[in-house]
Amino acid sequence: MSTTSSKAGSPANSSRPVAPRAEEILGLYFPVLDHGFVSLVDYMGTDECIERAARVSYGYGTRKQSQTRGLLRYLRRHKHTTPSEMVELKFHCCMPMFVARQWIRHRTANVNEYSGRYSLMPMLFYTPSADQLQKQSKKNNQGRSGQAVDQALYDAAMARFERVREASRSAYEWMTSEDIARELSRIDLPLSTYTQWYWKIDLHNLLHFLTLRVDKHAQWEIQEFGRVMAGMLKRVAPLSYEAWIDYDVCGAPLSRMELDVIRSLVSVEGERLSSRPGDLDRASLAQAGLGPREIDELFDKLGPKAVPDFELDASKAVPVESLAERFQNAVPKVDRASSE
């Protein structure tokens, strides 16, 4: 990990479009989970750049912010995504392997990952907190129940985690000390081991990534990364962020059947919406063509939803030097000894 943490120059000295609030956090490192982090390394473009891409005949300073906001919201509502591909963000991220494997499923970014074939792996492992160690959900085969296990079960699980990790750590350090190839020494390391990468992505695909990964159905650990990155996005392109919150995070698509049942309860009269008498139970919704899970999802879409605020607190950033030292100290001793 590089220990360079130089800040960008003053926006006044740059001839490219800049976002002043993004400049404040550029190159700062924000902790995530117990050993992870996210840093906004660089960005290219702002909200105004999206507008200029959509209105290619316009130059700098020819539109009011209210007009920029209106256009960006129109583009977001109607899924005109090409202009937002003109803005890019570059992140330096560190996460457990199991999070990285979910993350890399988004095949729309440029990625350069830490090489366990070239460098020794730091022996850092993710440990779930007491409130996050939960039993399997009865409703969601992919997720946890939402209720923490009791302390005795947590302690027993932690003891087993530690035994597995100590065995993996010991085997890895022994093999590397015997000069066994690093690409083979690493193969039995657990998914709790940390990796890191540089991850560059355009705004359109970042919004798709964040929509899925800040959602309550995503694994909690990757949600934690998504929330920090959403806060960084808010500083780079606040108007795009606002439209994303309104139309994607707090909005929802409706199917033909869902619209039909809503139309049975609400009528359009000229320029007014009027309520119709009556209500619909699950049986009525099923008769309209909705399956059991679709009915649950419709109730969820129409239920109250809090508007999240992913504002990023710059005071929570930590010096990159402290992170670099932590990772260096976790490298197997044989590597530190040979490099001195």
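**Entry 1: helix H9**

I began with helix H9 and listed its buried residues, which are Leu239, Ser240, Tyr241, Ala243, Trp244, Ile245 and Val249. I note here that the model is a predicted one, and I keep that in mind for every entry below. Next I asked myself what covers the buried residues of H9. I found that the cover includes H2, H3, H8 and helix H7, which runs over 203-213.

I then looked at how H9, residues 238-249, lies against H8. The two axes come within 5 Å and cross at roughly 130 degrees, and that makes H8 oblique to H9. By class, this contact has six nonpolar residues, two charged residues and no polar ones. On the H8 side I wrote down Ala230, Leu233, Lys234, Arg235 and Val236, and these meet Pro238, Tyr241 and Trp244 in H9. Two of the names were already in my list, since Tyr241 and Trp244 are among the buried residues of H9.

**Entry 2: helices H2 and H3**

Since H2 and H3 both help to cover H9, I looked up how these two helices pack against each other. H2 covers residues 47-54 and H3 covers residues 65-77, and their axes are 10 Å apart at an angle of about 70 degrees. The two helices are therefore roughly perpendicular to each other, because an angle of 65 to 115 degrees counts as such. Counted by class, the contact of H2 with H3 has five nonpolar, two polar and two charged residues. From H2 the residues are Asp47, Ile50, Glu51 and Ala54, and from H3 they are Gln67, Thr68, Leu71, Leu72 and Leu75.

**Entry 3: the nonpolar cores**

I turned to the interior and asked which residues of the largest nonpolar core touch the most other members. They are Phe91, Trp103, Leu206 and Trp244, in a core of 59 residues. Helix H8, residues 220-236, gives the most to this core, with eight residues. Trp244 thus appears again in my notes, having been listed as buried in H9 and as a residue that H8 meets there.

I also noted that apart from this core lies another one, of eight residues, with Met97, Leu120, Phe125 and Leu189 among them. For background I wrote down that nonpolar side chains tend to be buried together in soluble globular proteins.

I followed Trp103 further, leaving aside residues up to four places away in sequence, and found that it touches Cys93, Met95, Trp197, Trp199, Phe209, Ile222, Phe225 and Met229.

**Entry 4: the cysteines**

Cys93 on that list made me check for disulfides, and a search of the whole structure finds zero of them. Why is Cys93 without such a bond? The closest cysteine sulfur, in Cys94, is 9.0 Å from the sulfur of Cys93, which is too far for a bond. Cys93 has a relative accessible area of 0% and is buried. Cys49 counts as buried too, at 14% relative accessibility, because the cut-off for buried is under 20%.

**Entry 5: three loop residues**

I looked up Leu33 because its phi is near 60 degrees, a positive value in a residue other than glycine. Leu33 sits in the loop between strand S1 (29-32) and strand S2 (36-44), and at 21% relative accessibility it counts as partly exposed.

Lys79 likewise has a positive phi, of about 60 degrees, although it is not a glycine. Lys79 is found in the loop between H3 and strand S3 (88-96). Is Lys79 buried or exposed? With a relative accessible area of 65%, Lys79 is exposed.

The last of the three is Ala317, in the loop between helix H12 (292-302) and helix H13 (320-330). Ala317 is partly exposed, at a relative accessible area of 22%. Ala317 and Gly27 are 290 residues apart in sequence, yet their C-alpha atoms are 9.8 Å apart in space. Leaving out residues up to four places away in sequence, I found that Ala317 touches Leu28, Tyr29 and Phe30.

**Entry 6: the protein as a whole**

I closed with the overall counts. The protein has 14 helices and nine strands, and its C-alpha atoms fill a box of roughly 80 × 60 × 30 Å along the principal axes. Of the 340 residues, 39% are buried. Among contacts between residues at least 6 apart in sequence, 72% join residues at least 24 apart.

Note on methods. Residues numbered from 1 in each chain as written. Heavy atoms only, no water. Axes fitted to C-alpha atoms, helices over the stretch in contact; angles between N-to-C directions. Helix = DSSP H or I, 4+ residues; strand = E, 2+ residues; numbered from the N terminus. Parallel < 35°, antiparallel > 145°, perpendicular 65-115°, else oblique. Contact = heavy atoms within 4.5 Å. Nonpolar A, V, L, I, M, F, W, Y, C, P; charged D, E, K, R; others polar. Core = buried A, V, L, I, M, F, W, Y, C linked by side-chain atoms within 4.5 Å. Buried < 20%, exposed > 50% of the residue type's maximum accessible area, 1.4 Å probe, protein only. Disulfide = S-S within 2.5 Å.
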